[in-house]
Amino acid sequence: MTKRRYDSEKVKKEIMESALLLFSQNGYNQTSVADLSKASGYSKGHIYYHFQNKEKLFVLLARKTIEEWQEKWIRKATAYSSATEKLYGMARHVLYNYQTPLLKSGRELASNPDASSDLVKELYNLSIVPKNAYRAILQEGMDNGEFAIENMDESAILLEAWLRGLCQLTSIQELSELEPLLNKALTIFLRSIRKGDT
């Protein structure tokens with residue numbers, strides 16, 4: 001009789017796939033380790049062995065999601081020839097990738113008073129990835145003479161606030177209706193930073 005080889009990476013991957021589905025459908029608070037065990041077909045012990053707890057599993061999934069968001073953007077960014085074009089491209093990228101399956105669950109975890117403060121902080125730190133992407137575009141515009149930005153931090157915060165604010169409407173409005181609004185907001189924002197504009 002041959003001994004079956006335990007494939008640790010396969011087990012982790014299958015648990016993560018099941019967890020993504022459950023967190024997306026039921027939310028963070030309504031998904032238990034028992035649910036994760038049942039859905040994945042692996043014992044609670046497997047889940048604790050590979051991820052320590054439900055919180056860490058969720059944060060790992062959130063990190064994977066933001067890394068995928070970043071990789072998609074990096075691939076798209078090469079198609080734009082100016083920082084201005086990149087800002088419009090980024091606005092579309094944010095809009096069409098805003099409603100991630102984990103968004104609602106992430107909010108639940110972040111507002112859970114029993115959640116580990118370190119893990120909640122790690123979850124919030126993931127928001128630095130898009131902020132850095134916005135900042136990189138603004139810096140590129142400064143470097144190539146397109147933009148005249150007095151306060152980079154302030155401009156990056158305003159850009160993020162405008163994008164996030166409009167994207168929160170994705171749960172009640174069609175993306176096709178929101179895209180022109182996002183473009184209009186970006187046009188107004190660009191007037192404040194474009195070199196030569198008043």
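Trainee: Where is the place of W162 in this predicted model?
Mentor: The model is predicted, not experimental. Look along residues 152-167, which form a helix. W162 has its place there, in helix α9.

Trainee: Is W162 buried, partly exposed or exposed?
Mentor: Its relative accessibility is 35%. Buried would need under 20%, and exposed over 50%. The value falls in between, so W162 counts as partly exposed.

Trainee: Which residues make the nonpolar surface patch with W162, and what is its area?
Mentor: L158 and I188 join W162 in this patch. Together the three give a nonpolar surface of about 260 Å².

Trainee: Which residues touch the most other members of the largest nonpolar core?
Mentor: That core holds 56 residues. Its largest share, nine residues, comes from helix α4, residues 54-77. The residues with the most contacts to other members are F23, L57, L87 and L138.

Trainee: Which residues does F23 touch, leaving out those up to four places away in sequence?
Mentor: Start with Y28, T31 and L36. Then add K54, L57, F58 and L61. The list closes with L102 and S105.

Trainee: Is K64 buried, partly exposed or exposed?
Mentor: K64 sits in helix α4. Its relative accessible area is 41%. That lies between the 20% and 50% cut-offs, so K64 is partly exposed.

Trainee: How far apart in space are K64 and A83?
Mentor: In sequence, 19 residues separate K64 and A83. In space, taken C-alpha to C-alpha, they are 27 Å apart.

Trainee: Why do the buried residues of α3 lie on the same side of the helix?
Mentor: The buried residues in α3, residues 44-51, are I47, H50 and F51. In an α-helix, residues three or four places apart point the same way, because there are 3.6 residues a turn. Here they lie on the same side of α3 because they cover an arc of only 80°.

Trainee: Which helices do the buried residues of α3 pack against?
Mentor: I47, H50 and F51 are the buried residues in question. Their packing partners are α1 (8-26), α2 (33-40) and α4.

Trainee: What is the phi of Q52?
Mentor: Q52 is in the loop between α3 and α4. Most residues other than glycine have a negative phi. Q52 is not glycine, yet its phi is positive, near 75°.

Trainee: Is S82 buried or exposed?
Mentor: S82 lies in the loop between α4 and α5 (83-96). It touches E140 and E146, not counting residues up to four places away in sequence. Its relative accessible area is 16%, under the 20% cut-off, so S82 is buried.

How values were computed:
Residues numbered from 1 in each chain as written. Predicted model: local features only at pLDDT ≥ 70, side-chain atom pairs only at ≥ 80, totals over all residues. Heavy atoms only, no water. Core = buried A, V, L, I, M, F, W, Y, C linked by side-chain atoms within 4.5 Å. Buried < 20%, exposed > 50% of the residue type's maximum accessible area, 1.4 Å probe, protein only. Helix = DSSP H or I, 4+ residues; strand = E, 2+ residues; numbered from the N terminus. Contact = heavy atoms within 4.5 Å. Patch = residues over 30% accessible without salt bridge, like charges linked within 9 Å, V, L, I, M, F, W, Y side chains within 5 Å. Areas by Shrake-Rupley, 256 points an atom, 1.4 Å probe, with all protein chains shown as cover. Salt bridge = Lys/Arg side-chain N within 4 Å of Asp/Glu carboxyl O. Arc of directions from axis to C-beta.
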